[in-house]
Amino acid sequence: MNDELATASDASLAVGVARWRPEALAEVYRRNAGAVFGLAKRLLVEEALAEELTQEVFVSFWQRPERYDPARGSLRAFLLAVAHGRAVDMLRSETSRRAREQRARAVAGAGYDLEQEVVELVANERVREALDKLPETERSAIELAYFGGHTYREVATIQNEPEGTVKSRIRSGLRRMERELAHLSEGTNR
Amino acid sequence: MTHDETETLLGAYALDATSPSEREEVEAHIAGCPRCQAELAAHREMAAMMAAGLGGEVPARLWEQVAASTFSAAPPPAPVMAPPLLGPVAFRPAKQERLGLAVLARRARALTLGLATAAVAAAVALASFFGVQVNQLHSQVHHLEQQVGAASVATAAAVAAAGPHLTVTLAAADGRRAATVIVAPKGLAYWISSSLAGLPGSQTYQLWGLVRGKPVSLGLLGPQPRQPSSFRIEAGTSKLMVTAEPAGGVPLPTTAVLAVGTVPAGALS
């Protein structure tokens with residue numbers, strides 16, 4: 001096995017990709033394809049679309065590795081942000097408007113079990129704990145936006161709350177989780 | 001948009017939950033605001049942690065598709081990769097029609113960072129590899145599997161790279177990377193990228209394995225060894241080497257080694 005690559009930092013993998021090293025892209029893919037594909041599938045539902053999107057994410061990283069700035073976070077966060085943004089664009093595009101309306105109606109209607117799905121999906125115990133500790137309204141706003149691909153305005157409609165409130169909830173919920181996880185990691189480091 | 005207005009939108013922005021016009025306004029502000037950049041980065045990491053648990057089974061064909069649309073279209077490194085020690089051999093710049101100039105320039109900038117000027121004439125030292133007495137001259141000289149199509153070889157190489165494999169880097173005499181070879185289990189190997197300069201048509205690059213101290217021809221790479229190709233290496237191969245030889249190849253190296261890489265012991269058992 002290639003130990004050097006397996007332990008390479010995000011920054012050095014990005015440099016490897018910038019130098020057209022296929023094995024660097026293979027390693028980036030090995031580390032992140034699962035999460036990218038999982039998120040794409042969660043948002044787009046249709047497997048073929050999720051595959052297309054995943055492919056697009058890695059091909060565009062191969063073509064434009066300089067878009068990733070290691071100073072601004074992990075490569076995984078970058079790739080997932082690209083994937084999420086693209087998935088949401090696809091969801092919001094004109095062609096899928098009808099499907100979107102149906103989806104929104106289903107969400108607004110009874111029996112929307114996104115929350116349960118997310119509990120099952122968020123495998124990392126610490127992240128799930130942090131999510132569980134959030135006030136209910138913050139948690140569902142984050143889940144609807146991130147895993148449901150809804151805008152905060154749509155979330156406001158679903159939750160029947162003012163837009164400004166939802167906007168603040170998403171931010172305060174994220175910050176609360178960040179503090180919680182920082183606190184947890186301090187605890188385990190001691 | 002003011003700092004305060006932007007700040008309240010950062011969470012929604014990080015989750016792609018704003019309208020397109022809000023997105024633009026947030027981006028315009030963030031570009032010049034380190035505090036917002038830091039907060040956004042934290043939100044994105046948080047989102048990524050939530051998504052990390054979504055990792056399920058990824059269809060194997062997906063990597064093949066990624067590999068097919070990347071490696072097969074990958075151009076040679078930009079011409080800042082000066083030819084390795086080729087002596088009197090003429091240098092022909094590589095073809096670059098596949099990439100836009102801007103991309104090439106960008107890659108070139110990235111590449112020059114790690115490259116010192118070639119100056120070392122250590123080929124002489126490397127040539128001593130061939131000081132060994134060789135009795136059996138019946139090395140097979142054949143072309144590598146380029147004719148089956150570079151794209152399919154690239155795909156196969158990419159599949160190999162996604163599984164257990166070794167990467168052997170062939171370095172030129174001055175230490176710069178001249179080529180990369182992926183070795184899959186059972187000795188199936190792929191020549192996947194190279195910065196070797198083009199040779200005149202009367203010459204070819206030839207790939208050699210050093211097997212128990214003796215060079216064995218692994219095949220001809222042609223005068224422009226940019227395309228992926230595949231070959232096999234036998235157990236006991238300790239080095240991979242490249243020389244420039246007359247077209248048609250030779251049973252034993254006749255010129256200095258241009259690039260050499262070590263195959264880890266036990267890798268092919």
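**Entry 1. Chain A, overall**

I began with chain A and its contacts between residues at least 6 apart in sequence; 61% of these join residues at least 24 apart. I note here that the model is predicted. I then looked up the secondary structure of chain A and found 11 helices and 0 strands. Read along the sequence, the pattern is accordingly α-α-α-α-α-α-α-α-α-α-α. I also checked burial: chain A has 190 residues, of which 45% are buried.

**Entry 2. Helix α3 of chain A**

I turned next to α3(A), which covers residues 22–44. I compared its span with that of a straight helix of 23 residues, which would reach 33 Å at 1.5 Å a residue. Between its end C-alpha atoms, α3(A) spans only 28 Å. Where is the kink in α3(A) centred? I located it at N32(A), with a bend of about 55°.

I then asked how much of this helix is covered. Of the 23 residues of α3(A), 20 are buried, and I recorded the helix as mostly covered. I also inspected the residue just after α3(A): V45(A) has a positive phi of about 65°.

**Entry 3. Chain B, overall**

I moved to chain B, for which I recorded 7 helices and 8 strands. Chain B has 269 residues, and 44% of them count as buried. I repeated the contact query for residues at least 6 apart in sequence; in chain B, 70% of such contacts join residues at least 24 apart.

**Entry 4. The sheet of chain B**

I traced the strand order in chain B. I found 8 strands in an open sheet, ordered β5-β4-β7-β8-β1-β2-β3-β6, with antiparallel pairing. Why is one side of β5 and of β6 left without a neighbour in the sheet? I found that β5 (214–222) and β6 (229–232) of chain B stand at the edges and each has a single partner strand, so one side of each lacks a neighbour. I also noted the turn between neighbouring strands of this sheet, which is 25° on average with direction ignored.

**Entry 5. Strand pairs in the sheet**

I followed three of the pairings in detail.

- I looked up β4(B), residues 203–211, and found it joined to β7(B) by 9 bridges in the antiparallel sense. Within this pair, Y205(B) has A244(B) of β7(B) as its bridge partner.
- I then took β7(B), residues 237–246, against β8(B), and recorded 4 bridges, again antiparallel. K239(B) is bridged to T262(B) in β8(B).
- I continued to β8(B), residues 259–262, and β1(B), which run antiparallel and are joined by 2 bridges. Here A171(B) has V260(B) in β8(B) as its bridge partner.

**Entry 6. The contact between chains A and B**

I finished with the contact between the two chains. How many residues does each chain give to it? I recorded 54 residues from chain B and 53 residues from chain A. On the side of chain B that touches chain A, the elements giving two or more residues are the helices α1 (3–14), α3 (34–52), α4 (60–70), α5 (101–113) and α7 (150–162), together with the strands β1 (166–172), β2 (177–183) and β3 (188–194). The largest share of this side, 13 residues, comes from α3(B). I then sorted the same side of chain B by class and found 33 nonpolar, 16 polar and 5 charged residues.

Notes:
Residues numbered from 1 in each chain as written. Chains lettered and ligands numbered in written order. Predicted model: local features only at pLDDT ≥ 70, side-chain atom pairs only at ≥ 80, totals over all residues. Contact = placed C-beta atoms within 7 Å. Nonpolar A, V, L, I, M, F, W, Y, C, P; charged D, E, K, R; others polar. Pairing = 2+ DSSP bridges. Expected span 1.5 Å × (residues − 1). Bend = angle between axes of the 7 residues up to and from the residue. Buried ≥ 20, exposed ≤ 12 C-beta atoms within 10 Å, placed from the backbone. Axes fitted to C-alpha atoms, helices over the stretch in contact; angles between N-to-C directions.
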